[in-house]
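Visitor: I have a structure here and many terms to learn. Please take me through it, one question at a time.

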Amino acid sequence: MTTTDDRLAKMSLRPSDAVPRPTTEPLPPGPRTPALFQSLRLMRFRHTFVPKMRRTYGDVFALKLVPESRPLVLFDRLSATKEIFGSDPEVFHAGKGNAVLGPIMGEHSLLLVDGAQHKRARKLLMPAFRPRAMEGYRSVVTQLAEDEVGSWTPGREFRSLERMNGLTLEVILQVVFGVADEARLARLRPLVNATVDVKPIVLLGWGYPFLQRFGPWKKVVEVQRELDALLYAEIAERRAAADLHERTDVLSQLLLVGESEGEQPLSDAELRDQLVTLLLAGHETTASGLSWALYELGRHPDLMRRAQQAADEGDDDYLEAAMKESLRLHPIIPMVVRFLMKPATVGGVRLPAGVSVGPSILLSHQDPEHFPEPERFRPERFLEGHPTPNTWIPFGGGVRRCIGAGFSLMEGVVVLREVLTAYDVRVLPGHDDGPRVRNITSVPDQGARIVVSPRA
Ligand code: HEM
């Protein structure tokens, strides 16, 4: 079995020798400040930094990032988005673009692998996210959402992000593990939370392994050891479970999946990495999207009433549109990144191997040509027709499009329905919110504070 320390030792942000080094060929314009400074601004202040770069340099610009001052070329050009999503995955590697997540998610993580390894992992994970599987998860989400919403205190302001985080964690634990040993779940919750809470500075510091003996880096290693021990114990027990074939949770499906797909089944180390990936990728992202949706509906009483009517009538389309509009206006992940293994032309720009490229989700969602009045929260825009392809891209695209996109929209609709059939939602005057970076996701800085009251 791979131990935590073996795993962490292998994970470095420094690309291996097989990865092309960036050349000195000219790149699109960009700032000349040190790579560490640019990396911190991109990680920490992306909501102001990226639009500023767009205003200064135009619709394509190059940043330099740690380690090794590797270039990242960001586009706000539809032709580039289309080409990147439709590109050859053997040339446009996504896993290397996500290397910053390696220490936490592990080398086998679907988010980190490329080429044949990605194809295999995606094939093995996909059945657990097909529409048929989704139906089974819907009842789990409904039950947990009902319990959560029933526990709220009317008339008292609270941070919806905190409540949504608690709820989506419960949902993903149940969906991934099924009804598992409650004592083990109780130990897992704080470890998953601590892992999600890893600060950008800690992730950036991973390029310097000696730091793992100190402060926050040491703490991450300790949390990882404990988390791994629990996950391996869960995997071992589940492998031996008599009712494995009847279970509908993701772990049980993954344990069986190799058999039917004619593939080598997933090893324990692979399972560990995919489980951590799903727990982390599927939890705070959806919580943030949901809390923004509640916040925006709370600020727009007319839209809130429209959504309540939809909830009463079982009209999922409007609730889904509210969730989609919330993800447009407040993208949770700011950009999609691919690493060029060979030189390529993207959006009309010739780029050398060793460079990362990506569409900026933030900029794409604010384009007035595709989203008139882009600053306005208007779910109707998703009912009036489909957005131009490759402009609404909260879940990325192409062969790497988010595997949980359907799941998180389903979860969003179910939770909004539970909230809105029970309560009126409002935001108190002056309690406006804005985005803040947490780990790699964007969340409402003030936690999207709302007040609920029983419906009149
Ligand atoms: C609102 C919620 C979510 C947002 C905004 C989101 C966003 C994203 C984005 C932008 C990507 C990268 C796509 C690309 O590179 O083209 C991604 C990938 C991924 N997401 Fe999500 N995600 C969400 C929910 C979920 C959920 C619920 C799960 C799992 C239960 C999940 C699991 C994954 C995985 C495993 C990948 C990697 C896919 C691959 O590389 O093949 N995500 N997500």
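Guide: Start where helix 16 starts. There, a side-chain oxygen of Asp315 comes within 3.0 Å of the backbone nitrogen of Asp317. This is a predicted model, where local features need pLDDT of at least 70, side-chain atom pairs count only at pLDDT 80 or more, and totals for chains, interfaces and linings use all residues. Residues are numbered from 1 along each chain as its sequence is written, and side-chain values use heavy atoms, with hydrogens and water left out.

Visitor: What makes the pair Asp315 and Asp317 a polar contact?

Guide: A polar contact is a pair of N or O atoms within 3.5 Å; within protein, one must be able to donate a hydrogen and the other to accept it, and residues adjacent in sequence count only if both atoms are side-chain atoms. Here an oxygen of Asp315 is within 3.0 Å of a nitrogen of Asp317, so the distance fits the cut-off.

Visitor: Why is helix 16 called a helix?

Guide: Helices are DSSP runs of H or I with at least four residues, and they are numbered from the N terminus. Helix 16 has 14 residues, 316-329, so it passes.

Visitor: How do you know that the span of helix 16 agrees with what is expected?

Guide: The expected span is 1.5 Å times one less than the number of residues. For helix 16 that gives 20 Å, and its end C-alpha atoms are 20 Å apart, so the two agree. Helix 8 (residues 160-177) has 18 residues and reaches 25 Å, close to the expected 26 Å.

Visitor: Why is His365 called buried?

Guide: Buried means under 20% relative accessible area, exposed over 50%, and partly exposed in between (1.4 Å probe, protein chains only). His365 has 0% relative accessibility, so it counts as buried. It sits in the loop between helix 17 (361-364) and helix 18. Its side chain reaches the backbone oxygen of Leu327 at 3.5 Å.

Visitor: Why does Asn165 count as buried?

Guide: Its relative accessibility is 13%, so Asn165 is buried too. Asn165 is in helix 8. Beyond its neighbours within four places in sequence, it is in contact (heavy atoms within 4.5 Å) with His283, Glu284 and Ala287.

Visitor: What makes helix 16 mostly covered?

Guide: Of its 14 residues, 10 are buried. Among them are Tyr318, Leu319 and Met323. Their cover includes helix 14 (284-299), helix 15 (301-313) and helix 18. Helix 8 is mostly covered as well, with 14 of its 18 residues buried.

Visitor: What makes a set of residues a nonpolar core?

Guide: The members are buried Ala, Val, Leu, Ile, Met, Phe, Trp, Tyr and Cys residues joined through side-chain atoms within 4.5 Å. The largest such core has 102 residues. Tyr137, Trp152, Phe177, Leu416 and Leu420 touch the most other members. Helix 18 (residues 405-422) gives the most, with 10 residues. A second, separate core of 19 residues includes Phe75, Val91, Val355 and Ile361.

Visitor: Which residues come nearest to the ligand?

Guide: Of the 27 around it, His118, Arg122, Arg338, Arg400 and Cys402 do. Near means that a heavy atom of the residue lies within 4 Å.

Visitor: How do you know that His118 makes a polar contact with the ligand?

Guide: A polar side-chain atom of His118 lies 2.7 Å from a ligand oxygen, so the pair is inside the limit. Arg122 also has a polar side-chain atom 2.7 Å from an oxygen of the ligand. For Arg400 the distance is 2.8 Å.

Note on methods
Helices (H or I, at least four residues) and strands (E, at least two) are DSSP runs, numbered from the N terminus.
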